[in-house]
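Got the model open in your viewer? Here's a walk through it, one selection at a time.

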Amino acid sequence: MKTLVIVIHPDIRNSIINKRWIEELNKSPEKYDIHLLHEVYPNGKIDVSAEQKLVEQYSKIIFQFPLYWFNCPPFLKKWLDEVLTYGWAYGSKSGYKLSGKKIALAMSVGIDENEYTQTGKYNYTLEQLTAPFELTFTYVKADYQPLFAYYGIELNSSREWIERSVPLYKNFLKSF
Ligand SMILES: Cc1cc2nc3c(=O)[nH]c(=O)nc-3n(C[C@H](O)[C@H](O)[C@H](O)COP(=O)(O)O)c2cc1C
């Protein structure tokens with residue numbers, strides 16, 4: 001069964017790391033289907049029923065995005081607000097269409113990992129910052145999994161640093 005990787009990046013052409021990850025995953029089309037939200041909906045209008053039908057076909061779903069202002073890019077929030085409807089995602093007998101599906105976040109992060117600790121500069125871990133995702137996916141009875149994050153791109157965007165992330169992300173996806 002393939003994994004659906006939903007990518008939310010408002011400027012993928014100028015992306016370094018998310019673009020590199022997509023390039024890598026595209027080498028294994030038998031394992032991954034990539035769904036670039038901003039490219040599918042350039043005018044921002046989401047086809048809710050198409051998204052629901054797409055998601056229903058997969059038992060493993062990744063939401064991949066860069067961390068923006070300690071959160072997801074806004075199009076993902078819009079997607080959640082619109083696609084997770086009453087009667088489909090929750091709230092009726094026939095609902096809970098995400099029930100049991102494995103779901104995880106995969107994030108690229110500008111700041112260093114040691115800043116995202118309870119003793120670090122920002123006092124919050126990424127797991128704490130992403131608690132609303134955990135709550136949302138738990139609420140709709142999905143099987144929410146630990147996140148993948150690759151840190152430090154703002155300080156080090158060298159080719160070497162970017163390439164180091166590729167096997168880490170692939171290993172994460174392999175065991176997902
Ligand atoms: C609008 C904006 C907000 C950002 N906010 C954060 C942030 O809150 N914390 C952080 O660690 N990095 C932050 N960054 C850095 C991005 O996470 C980083 O540039 C991105 O992960 C790189 O991915 P890309 O090469 O695919 O664009 C921000 C970047 C932008 C453009």
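Start by selecting Y68. With a relative accessible area of 34%, Y68 is partly exposed, since it sits between the 20% and 50% cut-offs used for that label. Keep in mind as you click around that this is a predicted model. You'll find Y68 in the loop between β3 (60-66) and α4 (74-83).

Now add W69 and F70 to the selection. Together with Y68, W69 and F70 make up a nonpolar patch on the surface. The accessible area of Y68, W69 and F70 together is about 390 Å².

Next stop: the ligand. Show the residues around the ligand and you should get 16 of them. Which of the 16 come nearest? Those are S15, I16, L67, S108 and Y116.

Switch on distances to the ligand's oxygen atoms. S108 puts a polar side-chain atom 2.6 Å from an oxygen atom of the ligand. For N18, a polar side-chain atom lies 2.7 Å from a ligand oxygen. At I111, look at the backbone instead: a polar backbone atom there is 2.9 Å from an oxygen atom of the ligand. How much of the ligand does the protein bury? Taken alone, the ligand exposes 640 Å², and 78% of that is buried by the protein.

Zoom out for a moment and color residues 1-158. That range carries the UniProt annotation "domain: Flavodoxin-like fold", which comes from an unreviewed entry. Put a distance between the end C-alpha atoms of residues 1-158 and you'll get 34 Å. The span is 28% helix and 18% strand.

Time for the charged residues. Side chains of opposite charge can pair when their charged atoms come close. How many salt bridges does the structure hold? There are 9 salt bridges, and a few of them are worth a visit.

Pick K2 and D33. K2 forms a salt bridge with D33, and the closest N and O atoms are 3.0 Å apart. This pair links distant parts of the chain: K2 belongs to the segment before β1 (3-7), D33 to strand β2 (residues 32-36), and 31 residues separate the two. Buried or exposed? K2 counts as partly exposed at 28% relative accessibility, and D33 counts as partly exposed too, at 21%.

Then go to helix α4 and select K77 and D81. The side chains of D81 and K77 meet in a salt bridge, at 2.9 Å from N to O. Why does that spacing work out as about one helical turn? D81 and K77 are 4 residues apart in helix α4, so about one helical turn separates them. K77 is partly exposed, with a relative accessible area of 44%. Elsewhere, salt bridges that share partners join R20, E23, E24, K27, E163 and K170 into one network, so select those six residues next.

Finish inside that network, on E24. This residue is in helix α1 (residues 17-25). The salt bridge between K27 and E24 has its closest N and O atoms 3.1 Å apart. Compare the accessibility of the two partners: E24 is buried, with a relative accessible area of 10%, whereas K27 is exposed, at 54%. Last, select R20 alongside E24: the side chain of E24 makes a polar contact with the side chain of R20, at 2.9 Å.

Definitions and conventions: Residues numbered from 1 in each chain as written. Predicted model: local features only at pLDDT ≥ 70, side-chain atom pairs only at ≥ 80, totals over all residues. Heavy atoms only, no water. Patch = residues over 30% accessible without salt bridge, like charges linked within 9 Å, V, L, I, M, F, W, Y side chains within 5 Å. Areas by Shrake-Rupley, 256 points an atom, 1.4 Å probe, with all protein chains shown as cover. Salt bridge = Lys/Arg side-chain N within 4 Å of Asp/Glu carboxyl O. Buried < 20%, exposed > 50% of the residue type's maximum accessible area, 1.4 Å probe, protein only. Near = heavy atom within 4 Å. Polar contact = N/O pair within 3.5 Å; in protein donor to acceptor, adjacent residues only side chain to side chain. UniProt positions renumbered as here; feature names shortened; annotations may be inferred.
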